[in-house]
Amino acid sequence: MSLASGFVQTRGTHFVLDNSLFLFNGFNAYWMMQVAAQPSERYKVSNVFREAAAAGLTVCRTWAFSDGGNKLALQISPGVYDENIFQALDFVYVDWARNAGIRTSSDDDFYTSIVVKQYYKNHVQKVLTRINTITRVAYKDDPTIMAWELINEPRCQADYSGNIVNAWVQEMASYVKSIDNKHLLEIGMEGFYGDSIPDRKQYNPGYQVGTDFIHNNLIKEIDFTTIHAYPDAWLSKQDDEAQMAFMRRWMTSHWMDSRTLLKKPMVFTEFGKSSKDRSFSIASRDSFLNAIYSNIYSLARSGGIGGGLVWQLVDEGMESYFDGYEIDLFQTPSTSSIISQQSRQMTALEHKMSRP
């Protein structure tokens with residue numbers, strides 16, 4: 001498919017922008033929509049964009065939209081599963097159904113209820129066709145947006161095989177593409193393996209969550225794969241060395257499966273180290289990030305991964321959004337230096353790999 005200039009696309013297991021290889025270093029900032037809606041707080045969004053640009057970060061994953069003035073690609077999700085973020089917004093849809101008198105059995109009806117699924121589709125349609133009040137460009141036509149995400153961290157207790165989520169992804173991915181076939185689309189998965197290839201479940205952190213990394217990402221409307229990793233939370237009883245060993249296996253197995261089985265590029269869309277851990281220090285977080293970035297760079301040299309998005313950047317005075325993983329680049333120069341170094345290395349690699 002031929003697109004107008006400026007839309008990020010995939011070519012095999014690579015991302016491309018204007019027919020050139022696109023590698024990146026980026027960040028998460030889920031709070032942007034909420035903060036930008038408050039005129040007195042809006043400057044915090046600008047501050048984070050300014051600090052991110054200075055650190056060479058070129059992709060922002062958020063639940064907000066750009067005014068067109070920032071040279072950052074946006075990866076946007078219309079919903080959040082994780083109950084620690086905005087109280088599981090996805091399942092507000094289920095609450096709406098209950099309040100409307102629709103019988104529901106659990107929050108997992110989000111994936112199966114005809115009524116709830118239509119609520120979700122209505123929301124998606126409104127977002128994709130909304131006209132940006134500043135640029136006057138519909139979101140579905142805006143090349144500032146790199147990709148859409150169906151749902152952040154889907155989980156389904158009713159079916160750990162991943163089949164219920166798979167049916168939902170197929171339906172919603174087809175619906176999104178019927179409205180917007182210009183932008184890339186991904187699911188928002190953490191990367192947990194399911195039942196389609198039982199051997200892969202050895203790479204899970206000891207449990208399943210109702211998704212299947214292989215089966216779900218085979219859906220043709222899904223353009224690239226994603227993984228998240230929080231070994232300090234998933235393997236909290238293990239030491240740093242064991243957690244890092246898990247992380248390397250997790251990254252490598254998904255990178256290999258994305259390249260060889262799925263034949264799609266991968267993005268490491270969430271990772272971080274929590275300050276709530278008793279052994280936390282800025283130095284330990286810097287060491288963790290440096291190891292992750294080294295692995296991303298190494299895999300990118302072989303092709304198949306576009307980059308990583310650290311969780312999460314904040315500005316000063318945003319304590320209500322702190323979750324333990326927050327990073328204020330201005331306040332932590334050592335962390336900012338590591339992130340900036342990764343940005344420079346990914347840019348240099350992009351240029352090197354783009355040469356004929």
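Helices and strands, as I shall use the terms, are DSSP runs numbered from the N terminus, with at least four residues for a helix and at least two for a strand. On that basis, Q312 sits in the loop that runs from strand 11 (305–310) to helix 10 (333–354). I should say at once that this is a predicted model.

The peptide bond between W311 and Q312 is cis, with omega at about -15 degrees. Most peptide bonds are trans, and most residues other than glycine have a negative phi.

Two residues depart from that second pattern. R136, in the loop between helix 4 (114–129) and strand 7 (145–149), has a phi near 65 degrees. K263 occupies the loop between helix 8 (240–262) and strand 10 (266–271), and its phi is positive at about 55 degrees. Exposed means over 50% relative accessibility. R136 has 59% and therefore counts as exposed; K263, at 55%, also counts as exposed.

Let me turn to the overall fold. The protein contains ten helices and eleven strands. Its radius of gyration is 19 Å, which agrees with the value near 21 Å for a compact globule of 356 residues. The C-alpha trace spans about 55 × 50 × 45 Å along its principal axes, and 56% of the residues are buried. Of the contacts with a separation of 6 or more, 69% link residues 24 or more positions apart.

Finally, the annotation. An unreviewed UniProt entry lists residues 6–98 and 109–311 under "domain: Glycoside hydrolase family". Over residues 109–311, the chain is 42% helix and 12% strand, and the end C-alpha atoms of that stretch lie 29 Å apart.

Notes:
Residues numbered from 1 in each chain as written. Predicted model: local features only at pLDDT ≥ 70, side-chain atom pairs only at ≥ 80, totals over all residues. Heavy atoms only, no water. Rg over C-alpha atoms; globule rule 2.2 N^0.38 Å. Buried < 20%, exposed > 50% of the residue type's maximum accessible area, 1.4 Å probe, protein only. Contact = heavy atoms within 4.5 Å. UniProt positions renumbered as here; feature names shortened; annotations may be inferred.
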